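Please find below a short note on the model we discussed. It is kept to points that can be checked against the coordinates.

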Amino acid sequence: MTTEQILFYILGGGAVAASAAMLLPPLGKSPIHSAISLIVSFFFLAGLYALLSAHLLGALQIIVYAGAVMVLFTFVIMLLNLRPDETQEPRITAGKVLAGVLAAFVVGKVVTVVGLASAGAKAVDLAQPGYENFGSTKEVGYMLYTSFLVPFELISVLLLVAAVGAVILAKKSLHYVDRPEPPPSVFDQEHAHEHMHTQSGTDHAGDTHAPHDANAHAASHH
Amino acid sequence: MDLIQHGFLRGIAYGLLIITVVMTATAWGMWLERKIAAQMQNRMGPMFVGFHGLLQPVADMLKLLQKEDILPAGADDWLFNLAPILTALFAIATAAVVPWSAQIVASDLDVGLLWVLALGGIMVVPVWMAGWASNNKFALIGGMRAVAQSVSYGVPLVLTSMVAVVFTGTMSLSGIVQFQMAHGWLIYWPPGPGIIAFLLFYMALLAESNRIPFDIPEAESELVAGISTEYTGMKFGMFYVAEYVHTMVGSAIAALIFLGGWDGPFHWLPGLHWMVAKTVILFVSVYWVRWTLLRFRSDQLMRLCWLYLVPMSLALLVFAAVWVTYFAA
């Protein structure tokens, strides 16, 4: 066995093991451990890309998937703080059946495509002329801007739409609204007198004072 | 094609060598920092272990090794134990692609710069794991701040590195240095944007390696010790070492992509000297800043990043693209 094969089995086995750990107990019981297993699996995949001389793809795999996407995943899961008990749902729901059918479809598709593609394929010797720059940044960039220009631009538009959508969702209101004035501070000279006055009244009056003032202020702008 | 013939073993040997050297240098980097801090505060610093405290790092390590290993109640043991290992692993893995001279490099990747940025970006995952798994509110807040800071400051860091990539036309770290040897260091060529890009990169680097004025994740005056609050012994030591390794490799990267790497004013000295000198100067300057400035507040930090650093880096990137298209060559 060549070194390359040994590395392939290590990396491939690692990827499969990490993916299995994602679903099976003991790690698969907790959503957090599943997410971490997914990150590990991404790392092994990046190693496989590097083994195929696609260093750029490997680095991007780590930046985009293991880095950016999974940071948000783990962040959300950890903040929701799901306990293993709460996630136990042994019932079979329509959503799960649909997910299973879709997953089976994707697996079938991948197996078919890979099978068809590799039926007449021969291993390419990267040492041959014409393949020196295979997988390099320049080569990938050149391919993206020539052979795959249309899909590349379409994906750019899709990402832009997603970014705009995220901004819209994150905004509380689509219209420009004046930020409510903060409640007067004791250190604020202008409001010092007013503040002492509300302090002498009931607590309730003191609480409602600031938002009311801010609303009046906002209304006077429109 | 067998990988043995393609420098596989050579890569492993160089990797082990570089890890050993970087880790050792880091240990005495800690000593150096304590000495500098002491000088700035009119103290002596470590004095008792060895000549002027030179063996202090060894004593510290022996002390950490003897500490009791405590797992906090309610902590997630898997993630709690995994986090310090991963932090140290990612920090050291960045050193693999750093060319210390034209010959001394473990793996001269075609996408070396991208590899460094990728590992720098993913460093936040173990930090956040540690913050959450500790089951401690200070650690959790520290972890959340670390994520916010790292995700935000990763943007100017990547954009300013891309300025260097656009100017030099390559993502290979040694390729960037070779370009600078032919055309002049990026910090002064082309005049103007280079030095701005370097300063922005330096600020983002301070934030990425959690150094004052950007050390919000472990702000000890408000968060006890941030993410490392619950860690004892060598696990704490790993976080500590990872931070220094991160700073040192970051300094090396800044020296490579803006200060000409192993290029020097005269060439009868081997390139390694220049590279090490530049790295050490940047490394020391990080601690000079650390012991001079105060800490930012979390919201000030975010405002500085998104309102000033990101737009400036974007403008620089556009300028670099225009320059390369119309004025260079």
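The points below cover confidence, overall fold, surface and two loop residues.

1. Confidence. This is a predicted model, and its scores are ipTM 0.78 and pTM 0.76. For chain B the mean pLDDT is 82, with 93% of residues at 70 or more. Where pLDDT is low, the predicted coordinates should not be read in detail.

2. Secondary structure. Chain B has twelve helices and zero strands. Read from the N terminus, the order of elements is therefore α-α-α-α-α-α-α-α-α-α-α-α. The radius of gyration of chain B is 20 Å, close to the 20 Å that the globule rule gives for 329 residues, so the chain is as compact as a globular protein of that length.

3. Dimensions and packing. The C-alpha trace of chain B spans about 65 × 50 × 45 Å along its principal axes. Of its 329 residues, 53% count as buried. Taking contacts in chain B between residues at least 6 apart in sequence, 77% join residues at least 24 apart.

4. Surface and charge. The exposed area of chain B is about 14,700 Å², and carbon and sulfur atoms supply 71% of that area. Chain B carries 15 positive and 18 negative charges. The mean positions of the two sets are 9 Å apart.

5. Backbone at N42(B). Most residues other than glycine have a negative phi, and most peptide bonds are trans. What is the phi of N42(B) near? The value is near 60°, which is positive, in a residue other than glycine. N42(B) lies in the loop between α1 (8-40) and α2 (56-66) of chain B. Is N42(B) buried or exposed? N42(B) counts as exposed because its relative accessibility is 74%, and the cut-off for exposed is over 50%.

6. Backbone at N135(B). A positive phi, near 60°, is also found at N135(B), again a residue other than glycine. Where is N135(B) found? The residue sits in the loop between α5 (124-133) and α6 (137-168) of chain B. With a relative accessible area of 46%, N135(B) is partly exposed, because that class covers values between the 20% limit for buried and the 50% limit for exposed.

7. Points to keep in view. Both asparagines discussed above have a phi near 60°. N42(B) is exposed, whereas N135(B) is partly exposed. Any reading of these two loops should be set beside the confidence of the chain, for which the mean pLDDT is 82.

How values were computed: Residues numbered from 1 in each chain as written. Chains lettered and ligands numbered in written order. Predicted model: local features only at pLDDT ≥ 70, side-chain atom pairs only at ≥ 80, totals over all residues. Heavy atoms only, no water. Helix = DSSP H or I, 4+ residues; strand = E, 2+ residues; numbered from the N terminus. Rg over C-alpha atoms; globule rule 2.2 N^0.38 Å. Buried < 20%, exposed > 50% of the residue type's maximum accessible area, 1.4 Å probe, protein only. Contact = heavy atoms within 4.5 Å. Areas by Shrake-Rupley, 256 points an atom, 1.4 Å probe, with all protein chains shown as cover. Lys, Arg positive; Asp, Glu negative; His and termini not counted. Charge placed at Lys NZ, Arg CZ, Asp CG, Glu CD. pLDDT = per-residue confidence, 0-100.
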